[in-house]
Amino acid sequence: MPRPKQRTPELRDRVLHAALAVLAEEGVGGLTTRAVAQRAGTSVPAIYELFGDKAGLVREVFVEGFRRLASCIAELSVTDDPRDDLVRLLAAYRRFVRDNPRLADVMFSKPFADVGPGPDGVAAGIASRDGFVDAVRRAVDAGVVAGDPVDVAHVLLAMAQGLVSQEAAGWLGRSPASIERRWALAVDVALDGLRPAPRASSAR
């Protein structure tokens with residue numbers, strides 16, 4: 001008699017949450033199908049049935065990471081101060097990476113070299129990036145910054161990712177005050193540097 005299929009939404013969610021928990025506790029090296037199966041109270045064959053293989057599970061972890069980042073971005077209120085909205089957006093990105101360092105590693109550093117994000121992963125990454133682009137577009141429309149919104153969003157994200165990596169490695173400062181000061185300095189320099197150039201006065 002064939003074994004009944006175990007591919008249910010409830011089990012899929014349980015396995016995914018187990019994978020995220022194992023990743024957070026054990027890191028990339030500990031993210032094995034055996035460890036996830038044990039954490040989820042299921043079997044390795046059930047995980048393969050749900051996700052195809054370990055690569056499929058890793059791809060879903062990647063997607064879930066960007067879903068969570070997009071949710072964090074969506075929770076931010078839009079105010080009548082687009083510059084401050086960008087500051088708060090960068091702060092939210094920083095909090096997400098600091099709160100989920102190993103998940104962020106999977107999302108941005110891609111430690112599983114043989115596992116690509118897949119179509120769902122690409123779509124999830126674009127969806128989270130769109131939140132940044134929308135915030136930049138509002139700032140461009142308000143005359144707070146100048147440039148192509150997609151280009152500016154990429155630059156600000158790259159800056160934030162570099163800063164949070166330096167912070168995690170202990171290179172951004174030895175005290176909380178120095179770290180906060182350098183974050184604020186970098187954000188101010190970036191946003192001030194992106195301000196529209198003043199218009200030249202017309203000759204009389």
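How many of the 204 residues of this chain count as buried, in percent? The answer is 39%. Good morning, everyone, and please keep in mind as we go that this is a predicted model.

Let me begin with the overall fold. The chain has nine helices and zero strands. If you walk along the sequence, you simply meet α-α-α-α-α-α-α-α-α. The radius of gyration comes out at 21 Å, while the globule rule gives 17 Å for 204 residues, so the chain is more spread out than a compact globule. You can picture that with a box as well: along the principal axes, the C-alpha atoms fill roughly 95 × 35 × 30 Å.

Now, who touches whom? Take the contacts between residues at least 6 apart in sequence: 65% of them join residues at least 24 apart. As for the surface, the chain exposes about 11,700 Å², and 54% of that comes from carbon and sulfur atoms.

On to charges, which I know some of you have been waiting for. We have 27 positive and 26 negative side chains. The centres of those two sets lie 3 Å apart. The structure holds 14 salt bridges, and I would like to show you a few of them.

Please find helix α5, residues 82–99. What does R88 pair with here? One partner is D84, in a salt bridge with an N to O distance of 3.4 Å. These two are four residues apart in the helix, which means about one helical turn lies between them. Another partner is D85, where the closest N and O atoms are 2.7 Å apart. R88 and D85 are three residues apart in helix α5, and again the separation is about one helical turn.

Is D85 buried or exposed? D85 is buried, at a relative accessible area of 5%; the cut-off for buried is under 20%. The other two residues in this little group sit in the middle class: D84 is partly exposed at 33% relative accessibility, and R88 is partly exposed at 23%. So R88 has a salt bridge to a buried aspartate, D85, and another to a partly exposed one, D84.

And which residues does D85 touch, leaving aside those up to four places away in sequence? They are S77, V78 and T79.

Next, a pair of sequence neighbours. D130 and R129 meet through their side chains in a salt bridge, 3.8 Å from N to O. Both count as partly exposed: D130 has a relative accessible area of 32%, and R129 comes in at 27%.

Finally, a bigger set of partners. Which residues are joined into one network by salt bridges that share partners? They are R12, E60, E64, R67 and R68. If you have the structure open, do bring those five up together.

To pull it together, then: we are looking at a predicted model with nine helices and zero strands. It holds 14 salt bridges, among them the two that R88 makes with D84 and D85. Thanks for listening, and I am happy to take questions.

Note on methods. Residues numbered from 1 in each chain as written. Predicted model: local features only at pLDDT ≥ 70, side-chain atom pairs only at ≥ 80, totals over all residues. Heavy atoms only, no water. Rg over C-alpha atoms; globule rule 2.2 N^0.38 Å. Buried < 20%, exposed > 50% of the residue type's maximum accessible area, 1.4 Å probe, protein only. Contact = heavy atoms within 4.5 Å. Areas by Shrake-Rupley, 256 points an atom, 1.4 Å probe, with all protein chains shown as cover. Lys, Arg positive; Asp, Glu negative; His and termini not counted. Charge placed at Lys NZ, Arg CZ, Asp CG, Glu CD. Salt bridge = Lys/Arg side-chain N within 4 Å of Asp/Glu carboxyl O.
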